[in-house]
Amino acid sequence: MRILGIETSCDETGAAVIEGESKNKKVTLVSNVLASSLSFHSKTGGIIPETAAREQIKYIIPVIEQVLSESKSSKKKIVNRKSSIINLASIDAIAVTVGPGLIGSLLVGVETAKTLSYIYKIPIIPVNHLFGHIYANFIGKIHNSAADVQFPAIALIVSGGHTDLVLIENHQKIKWLGGTRDDAAGEAFDKIGRLLNLSYPGGPSIEKAAKAGNPKTFRFPRPLINSNDFDFSFSGLKTAVFREVQTMKSPQMRDPVAAGQLSNETISDISASVQEAIVDVLIYKTLKAAQKYKVKSILLGGGVAANQKLRDELKLKIENSPASTSEAGRAKLKIQFFVPEKWLCTDNAAMIASAAFYNYKPVPWNKITANPELYFY
Ligand code: KG4
Ligand code: ZN
């Protein structure tokens, strides 16, 4: 089964074609195209929803056209190629992100997908963007395929808008365990990045600056690390950094948050300390959930999952955690760790098509609406 995925929840316009093998439940990527309006948002230090939506409109048709033409070369023959510009002859289903996200951006993908479904009489599957981030882990060829993911599993989804822990008992049973009470982890990176005058998005910029820094220079809070639930809170961290920066300024400075006066060394030390604080909390809670639910796999997903420190530390801690060691203390119980390649962590359409394959529930096109507030429950 070949699925065309469409993703337009924020500032990326994505289309991808995946091949799902029903027999052994494997997904492989056929083609993937992504256009981004990030350069616009870098100038403003954050996403302006109106701009993002206008860019989505510009890119959506060219991106779909390109992904379909790139998927032609692979095994299934496209018939009737000349009949239209967008040729869906080889496509068995369309998957589209319906939420959460920015309403203007979402509408572009949703209405385009509905139109294609209507005209070409192709089944359409609405997909929750957050499920997409989980299912980036199931795309084969590039990394471990679905066959290797053992349930139950814990998934940590860390993005610009979300920080959630979910328990996956099987593809049909995904239970939300906890999430952030305020800012998402990516949002904290972005806001602190802005505070430090680093370029947007803050996550990759802080990661880069942190390389030259000492994570022990500042002891920033690890909010809710000892709470008896699976919730997170990152807004206090941003305030702590703000205060720290303020104390470094001489009193006569007018704008205490303009970090122009901070040395590169200080910016690096703050970045390393912030990164460590965020990574510590994420890992601690994920392992706690893994132990409580005795899971066999841990999956990481979302833009922040591209962070190398988070990837490395989580892998290391899983290997050394008591949950992955048998009573004898030697033979590993083997909690397997899955994390998508970096480009599959940030928003893309391949993950949306993958989620649709594993949860194949077509809906009549006229019953599908964009839902910016969509959540896990
Ligand atoms: O999943 P995503 O592309 O979009 C949303 O669904 O929100 O995630 C974007 C977020 C941004 O907040 C960005 O700063 C963060 O992911 N991010 C990172 C890294 N790459 C992207 N955070 C930390 N380290 C990174 N390397
Ligand atoms: Zn996302």
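The questions and answers below concern the two largest pockets of a predicted model.

Colleague: Between which parts of the structure does the largest pocket lie?
Modeller: The largest pocket has a volume of about 1,100 Å³, and of the 39 residues that line it, Cys10, Ser159, Gly160, Gly161 and Asp190 are the closest to its centre. Residues of the lining come from both domains, so the largest pocket lies between domain 1 (2-142 + 343-367) and domain 2 (148-338).

Colleague: Which element gives the most to the lining of the largest pocket?
Modeller: At least two residues of this lining are supplied by each of α4 (129-135), α5 (185-195) and α6 (202-210). The element that gives the most, with 6 residues, is α5.

Colleague: How many residues of the lining of the largest pocket are charged?
Modeller: The lining of the largest pocket includes 16 nonpolar residues and 14 polar ones. The remaining group, the charged residues, numbers 9.

Colleague: From which element does the largest share of the lining of the second largest pocket come?
Modeller: The second largest pocket holds about 340 Å³ of space, and among the 19 residues that line it, those closest to its centre are Pro126, Val127, Asn128, Phe131 and Asn359. Two or more lining residues come from each of β5 (124-128), β9 (173-179) and α11 (350-358). The largest share, 4 residues, comes from β5.

Colleague: Why does the second largest pocket lie between two domains, and which are they?
Modeller: The lining of the second largest pocket divides into 11 nonpolar, 6 polar and 2 charged residues. Because both domains give residues to this lining, the second largest pocket lies between domain 1 (2-142 + 343-367) and domain 2 (148-338).

Technical notes: Residues are numbered from 1 along each chain as its sequence is written. Chains are lettered from A and ligands numbered from 1 in the order in which they are written. This is a predicted model: local features need pLDDT of at least 70, side-chain atom pairs count only at pLDDT 80 or more; totals for chains, interfaces and linings use all residues. Side-chain values use heavy atoms; hydrogens and water are left out. On a 1 Å grid over the protein atoms alone, a cavity is a set of points where a 1.4 Å probe fits but cannot get out, and a pocket is an open set with protein on both sides within 12 Å along at least five of seven lines; lining residues have an atom within 4 Å of a point. Grid points are joined across faces, edges and corners, and a volume is the space filled by probe spheres set on the points. Ala, Val, Leu, Ile, Met, Phe, Trp, Tyr, Cys and Pro count as nonpolar, Asp, Glu, Lys and Arg as charged, and the others, Gly among them, as polar. Domain bounds come from an automatic or database domain assignment.
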